[in-house]
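Work through the exercises below with the structure open. Each task is followed by a stepwise solution.

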Amino acid sequence: MNVLKAVSTPVPKRLRDLIREIRSSRTAADERAVVNKECATIRDSFRDQDNTYRCRNVAKLLYIHMLGYPAHFGQLECMKLIASSRFTDKRIGYLGAMLLLDERQDVHLLITNSLKNDLSHQTQYIQSLALCTLGAICSTEMSRDLAGEVEKMIKSSNAYIKKKAILCAFGIIRKVPDLMEMYIPATRSLLNEKNHGVLLTAVCLITEMSEKSPDTLHHFRKLVPQLVRILKNLIMAGYSPEHDVSGVSDPFLQVKILRLLRILGHNDAEASETMNDILAQVATNTDTSKNVGHAILYEIVLTIMGIQSEAGLRVLAVNILGRFLLNNDKNIRYVALNTLLRVVSADYNAVQRHRTTIVDCLKDPDISIRRRAIELSFALINHNNVRGMMKELLLFLETCDPEFKSDCCSNIVTAAAKYSPNKRWHIDTVLKVLTTAGNYIKGDVVTIAIQLVSETSSLHAYSVQQLFRALRSDITQQPLAQVAAWCIGEYGELINSNNVEDEEPLHVTEDEVISLLERVLANNNSAVVTKEYVITALMKLSSRFSSSSMRLKQIITLYGSSTNVELQQRSVEYSNLFSKFDHLRPALLEHMPLIEAHPHSIESGFNEKQDDLNLLSDSFSRNIARTSVPTPSLPSENGGIFEYLTNGIQPATHIDTIKTGGGAVDLLDLLGDIGSDIPPIHNTVLPPVNDLLDSFMQPVAHPNNIVNGTSTLPVVTAFNKEGLLIEFFCQRANNDATKTVINMKATNSSLFPMVDFVFQAAVPKSFQLNLQSPSGNKLLPNNSGNVTQVIQLSNPQKQPIRMRLRINYTQNGKAVNEMGEVSTFPPELWQ
Amino acid sequence: MMQFMLLFSRQGKLRLQKWFVAYQDRTKKKITRELITLVLARKPKMCSFLEWKDLKIVYKRYASLYFCCAIENDDNELLTLEIIHRYVELLDKYFGSVCELDIIFNFEKAYFMLDEFLLGGEVQETSKKNVLKAIAAQDLLQEESEEPKSFLEDFGFMVGSSGT
């Protein structure tokens, strides 16, 4: 009967034939066909409960599995093979179990019983198969079920079984740390063994235990002398062919021991002391002609750095790494850089000595090595070497792979800020980054660059000229264009200034400057953010370049029909400033106050941007609150301010404005809206002031200028002497006769600048006076700039206003003190 | 501790996979695909290490085969190269100048060898001789267990235990 059946079903293909057939398939489809056919046959055979060819079929299935085809239907067959008494069956069965099962599958629980039986089998090779499988697919349940058996086997006198059991215990502890207790007694004596397999696995187990529990670590500290002795024997004993690897005695064991010593000596002076000598010996005696010697030295460096070792030993360790850096083998160089990076904080000076070698690694053909070298280079920059290092890093930035560029830029800028020897160098470095790395620069660099230029008032002329030159030669780099646009807008009047040391003066006409910005604005490849910067810059230039304002107006008006809401809004707002509010324009477009220090962070843009907006809105509302503290009817005054703002904006954004109610809330909403208009894809941090908020920033600083804009009261000329003209724009606050707000505006029509300008005012006792801080202390010649200051006056008795003035300034190095009195205030203010 | 070892050809065909930590089959396939692509894309002048997730990948090419190991952060990558080399030496001794075809047609033997050298992701035996001795003894045991079966088996005749 059986014979007949066997004849009727063909003999399954041999594994070798199947492999051959699969390999000869010409296409993936062919291969799939062969595999599917074979799988079908194998399934049939499994279904028929065929015992003879089960082993062969499972082996074939394992091959098919490796090719990526599903083979889970073989799992139960593996169990059957394991349960077989034949060694071949068991061998393939366990192999299949290791490949097809893992602890996530419930089937593997079925295997536990077979394992338990085989662990106590009298044939050591069957025990070994069970141990090996346990080591590979040891789950939590299996660990608990078989931990006892494994513990017994650790005590076996057979080294072959012992070492495997020790590694199973290692696996069990990794999986279920609370089973550790069970193994500690058996582990103690393991280091007395001679067999290297047992020693090696024992060290592994002790390492794992010490890492898992501080108590055990403490317990095993007393093994240090024994470990030292084993290590000593290893390096002192002569050549032993069995464990030798290119002239190094059992590197596998040496490395494991060194690692365990590191864990035992960590934060323990006594243990560290015990191992100092042997570490020095191994470090000096290891043959380094081959990789294997380096593997040991590498481990020993980590150990020396990880324990409380002597200073001399630490220097030795860093020098070993220094030698690694000069090695021809790229793997060794990589490891050295990686390790130096880990130890640089602890042994800064020792690492510093290898700086030149490290910097040379920036030119390594291997990208992984370059990546490590760049990290390490940044870690090594300090006040003394910043110039040299930066030169190298900027060179690197020029040629490095695109993936490095943006981080590299941010790091260079951060390091430059931290260690710059002087402002000029700092600005030069940041400019170089902007011109070198192009569009890879992240938004944070733009913010930092603008802030840097802004806060370095002595170099405004230099910065703006350099940026102009850079932009002229390349308008396609967005971050550069943004910084340049901001600076040209802000300091446009300095573009032809001659007092820039050792630089050729730049001779450009206003038209050239405007044309350049216009080109950036018109360029299709310019980002919207860049265009926003440019349009604001052009607006600012309208007050810097008085003769070109018609042309500027034309350019700006053009964008009133831009499809981009942001640009359109700006354009419309700015155009309004040319017509309806032309008298306000110079005041609004004054120089920005110094940007307050911004943390030079490299956090991603969007959150920061939000923060900035909030920050700004906060300070804004505070500002309003302060100016109007004495005013009982606060909302209506603010309403005035907001009416202006919203009026200006309305045509562009069609935001429904709320004319009454909490004015501050309106504006915050407005800012919020604009903030969220910025598409998040621009990975650009918007600094608080340089961008779309510009137009609001001026009203923020001088809210009452705007109030004044709607006033019909005559302008009071408070002082006019030697070119210095001081005018008062007065306004009743909230239509309250007891409150007056005066905007002081000072201009200089003489040929020379006035510096250290200070304006002071005094009133009779029946008044109260509150002077806010001025917009600046410098008056540029030829009416090309001004200083404004807000004066708040409380006049409870509604008396005619009189005021005494004191004015101090320095012109051409000569201090000037002036006094004056004003009594020509319009009576409407208090009547 | 080594987390897994993969052997694959220059054409990206997997030849051997040994996992010492539990992953789902789907994850294993994904990792394998990802690493094969990563390693094959590396140029010869690049170093043998790469950082991948929280693991270190150490690979080395022997003729047409790549040996690729994933080790943990504390492990020694230079020593891992020695482990790979030792494994290659063992295969070489066993097959007699091993080539990719040996490993394809005798993949189970390559696994048996690995299981005598590593266990649970750690080296269990540093003596080449001991590993080869254990393999030879098991091969002998296998031959003995197969002996009762005659050549007839290959022709489909059931001889032995089940033939009643």
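**Exercise 1: the interface**

Chain A puts 81 residues into the contact and chain B puts in 74. The model is predicted.

*Task.* State how much area is buried between chain A and chain B, and which residues of chain A lose the most area to chain B.

*Solution.*
- Step 1. Take the area. About 6,900 Å² is buried between the two chains.
- Step 2. Split it by atom type. Carbon and sulfur atoms give 56% of that area.
- Step 3. Find the top residues in chain A. M66(A), R91(A) and F252(A) lose the most area to chain B. Together they make up 12% of what the chain A side buries.

**Exercise 2: polar and charged links**

*Task.* Count the salt bridges and polar contacts between chain A and chain B, then sort the chain A side by residue class.

*Solution.*
- Step 1. Count the salt bridges. There are 9 between chain A and chain B.
- Step 2. Inspect one of them. D75(B) pairs with R259(A), with the closest N and O atoms 3.1 Å apart. The cut-off is 4 Å, so this pair counts.
- Step 3. Count the residue pairs in polar contact. The two chains share 26, both residues being at pLDDT 80 or more.
- Step 4. Sort the residues of chain A that touch chain B. They divide into 38 nonpolar, 17 polar and 26 charged.

**Exercise 3: a cavity**

*Task.* Describe the second largest cavity: its volume, its lining and the elements that contribute.

*Solution.*
- Step 1. Search the whole structure. It has 5 cavities of 30 Å³ or more.
- Step 2. Take the second largest. It holds about 210 Å³ of space.
- Step 3. List the lining. There are 18 residues, with K256(A), D75(B), L79(B), I83(B) and E122(B) nearest the centre.
- Step 4. Assign elements. Those giving two or more residues are α15 (251–265) of chain A, plus α2 (77–95) and β7 (122–123) of chain B. α15(A) gives the most, with 4 residues.
- Step 5. Sort the lining. It has 9 nonpolar, 3 polar and 6 charged residues.

**Exercise 4: a salt bridge within one helix**

*Task.* Why are R47(A) and D44(A) separated by about one helical turn?

*Solution.*
- Step 1. Start with the total. All chains together have 54 salt bridges.
- Step 2. Pick this pair. R47(A) bridges to D44(A), with the closest N and O atoms 3.0 Å apart.
- Step 3. Locate both residues. They sit in helix α3 (residues 28–47) of chain A.
- Step 4. Conclude. The two are 3 residues apart in that helix, so about one helical turn separates them.

Notes. Residues are numbered from 1 along each chain as its sequence is written. Chains are lettered from A and ligands numbered from 1 in the order in which they are written. This is a predicted model: local features need pLDDT of at least 70, side-chain atom pairs count only at pLDDT 80 or more; totals for chains, interfaces and linings use all residues. Side-chain values use heavy atoms; hydrogens and water are left out. Contact means heavy atoms within 4.5 Å. Buried area is the accessible area (1.4 Å probe) that two parts lose on being put together, summed over both. A salt bridge is a side-chain nitrogen of Lys or Arg within 4 Å of a carboxyl oxygen of Asp or Glu. A polar contact is a pair of N or O atoms within 3.5 Å; within protein, one must be able to donate a hydrogen and the other to accept it, and residues adjacent in sequence count only if both atoms are side-chain atoms. Ala, Val, Leu, Ile, Met, Phe, Trp, Tyr, Cys and Pro count as nonpolar, Asp, Glu, Lys and Arg as charged, and the others, Gly among them, as polar. On a 1 Å grid over the protein atoms alone, a cavity is a set of points where a 1.4 Å probe fits but cannot get out, and a pocket is an open set with protein on both sides within 12 Å along at least five of seven lines; lining residues have an atom within 4 Å of a point. Grid points are joined across faces, edges and corners, and a volume is the space filled by probe spheres set on the points.
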